[in-house]
Amino acid sequence: MIRTLLLGAALLAAPASAETVVVTAAKMVDVLAGKTVDNPVVVITDGRIASVSSGGAVPAGAKHIDLGSKTILPGLIDMHVHLTSLAEIGGYRGLRYTDSFWQAVGTANAKKTLEAGFTTVRNVGSADFDDVGLMQAIDGGWIPGPRIVPATYAIGATGGHCDENALPPSYDKKQASVINSPEEARAKVRWLHKYGAKVIKICATGGVFSMGDAVGAQQLTYDEMKAIADEAHMLGLKVAAHAHGADGIRAAIQAGIDTIEHASLADDEDIKLAAAKKTWFDMDIYNDDYILATGTANGTEQESLDKEKMIGRLQRETFRKAFRAGVPMLFGTDAGVYPHGQNARQFAKEVEWGMTPMQAIQSATKSAAEALGQTGDVGAIAVGRYGDIIAVDGDPTQDVRTLEHVAVVIKGGEVVKSVP
């Protein structure tokens, strides 16, 4: 319970930079050291952490947020979300809604995500630059939401997972990010960067929710992927590759792609290569439960359901094998394929398939910050980083499911959610 938080509504309205805020609690998860710390005292000034101590004094005149018996952790990071998508509206049902509908629901999804304890997300695919708009609105203080690393459109091949394959030729619609050569790939990276992309997303193979393609089939050539990676890295951007099949995964790793999304059918050679090159695997191993449980009720096409039945269990087995082999792992849920705000349900799956609770927590904090290239900003309660802190009852290093019930969320030193 928050015991010393005075005038909660006023605190929510006050800018973080106007004051020094001190957060105290019974325990803190130190994700950098991989241990818990008793009686933490975290001082936040101008939205960033100025000091972290155990049992230290609260500075005079500071606003004190005493979280009592709770455990605090750094704000969580989901490396694979689609804020402007809804699991509840799938397949052809989405055609009933006007284009601007999706950014409107993205506003609600951003709030749900933040209140679930995820203070940073990587949004890997959004039409019409909607994720850039959400980022700008959140950063400007107009709407609540997490810090967003936007990919905007995902780059793919004609007829591939990132194209529009659900309509007949008379309604032919080529997605804005479709490319068909290395030269077009380079130009597309520059265009996306020009209009706000902070990470580049590609579709290296087929997918579950695209129509008419094989989920594991490679769809971009090595040369196209290499051109994208080289161009993005020159611009200071990292690249994420949607890739289910072994050939596409291998080509993406060899091309220098930074993170492999899904990685469902990675074979032994892929796993060995990823471990050697320290290429991150970002595997959404919870959402299979939701997809199979809801079936076609939300409009999901039977074709997509059949694909999910084929790869769901295999993906989890690949996760366990890759983790044991030393592939660096990230926390990415594909929220939007299942309801937003339920992101933390994946922690228990990561533990079920081989991680300790601490390792699962680190996949959504320390490791995610490293993969984003933002170790100076997010991913730990440490000096210099943003004052992004969440609090839960109990000890998540013993029962990771406590993260499914976040009681308090602080972003940049400002309380954005509190439960008495």
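## A walk through the sheets, helices and a buried asparagine

Let us start with strand β9 (residues 118-123), which is joined to β10 by four bridges in the parallel sense. Keep in mind along the way that this is a predicted model. If you would like one pair of residues to look for here, find Asn123, which stands opposite Pro150 in β10. Helix α3 (residues 130-139) packs on the sheet and touches both β9 and β10. The direction of α3 makes about 155 degrees with that of β10.

Now widen the view to the whole of this sheet. It is an open sheet of three strands, and their order is β8-β9-β10, with parallel pairing. At the edges are β8 (76-81) and β10 (147-150), each of which pairs on one side only. From one strand to the next, the twist averages 15 degrees.

A second open sheet is the next stop. Five strands build this one, in the order β13-β14-β15-β16-β17, and here the pairing is parallel. Its edge strands are β13 (199-203) and β17, each pairing on one side only. Helix α5 (residues 222-234) packs on this sheet, where it touches β13 and β14 (238-243). The direction of α5 makes about 150 degrees with that of β14. Over at β17, two bridges join the strand to β16 (residues 280-282), and the two run parallel. One residue to find there is Phe281, whose bridge partner in β17 is Met329.

From β17 we can follow the chain to a single residue. Asn343 is found in the loop between β17 (329-330) and α10 (345-352). Is Asn343 buried or exposed? Asn343 is buried, because its relative accessible area is 0%, and the cut-off for buried is under 20%. What does Asn343 touch, leaving aside residues up to four places away in sequence? The list is Asp78, Val81, Thr113, Phe118, Phe331, Thr333, Ala335 and Tyr338. There is also a polar atom of the Asn343 side chain that lies 3.1 Å from the backbone nitrogen of Gly341.

Next, look for a pair of helices. Helix α8 (residues 287-294) packs with helix α9 (residues 302-324) at an angle of about 150 degrees, and their axes are 10 Å apart. Since angles over 145 degrees count as roughly antiparallel, α8 is therefore roughly antiparallel to α9. Their crossing is left-handed. Where they meet, α8 brings Asn287, Asp288, Asp289, Ile291 and Leu292, while α9 brings Leu305, Glu308, Lys309, Gly312 and Arg316.

Our last stop is strand β19 (residues 408-411), which has partners in β18 and β20. With strand β18 (residues 389-392), β19 shares three bridges, and the two run antiparallel; in this pairing Ala391 stands opposite Val408. With strand β20 (residues 414-418), β19 pairs over four bridges, again in the antiparallel sense, and here Val409 stands opposite Lys417. β19 and β20 form a hairpin with two residues between them, and in the turn Gly412 has a positive phi of about 60 degrees.

What about the two faces of β19? In a regular strand the side chains alternate between the two faces of the sheet. In β19, Val408 and Ile410 are on one side, with Val409 and Lys411 on the other. These four residues are all buried, and both faces of the strand are covered.

Key: Residues are numbered from 1 along each chain as its sequence is written. This is a predicted model: local features need pLDDT of at least 70, side-chain atom pairs count only at pLDDT 80 or more; totals for chains, interfaces and linings use all residues. Side-chain values use heavy atoms; hydrogens and water are left out. Buried means under 20% relative accessible area, exposed over 50%, partly exposed in between (1.4 Å probe, protein chains only). A polar contact is a pair of N or O atoms within 3.5 Å; within protein, one must be able to donate a hydrogen and the other to accept it, and residues adjacent in sequence count only if both atoms are side-chain atoms. Contact means heavy atoms within 4.5 Å. Two strands pair if DSSP finds at least two bridges between them. Axes are lines fitted to C-alpha atoms, for helices over the stretch in contact, and angles run from 0 to 180 degrees between N-to-C directions. Angles under 35 degrees count as roughly parallel, over 145 as roughly antiparallel, 65 to 115 as roughly perpendicular and the rest as oblique. A crossing is left-handed if the near helix is turned anticlockwise from the far one by less than a right angle, and right-handed if clockwise.
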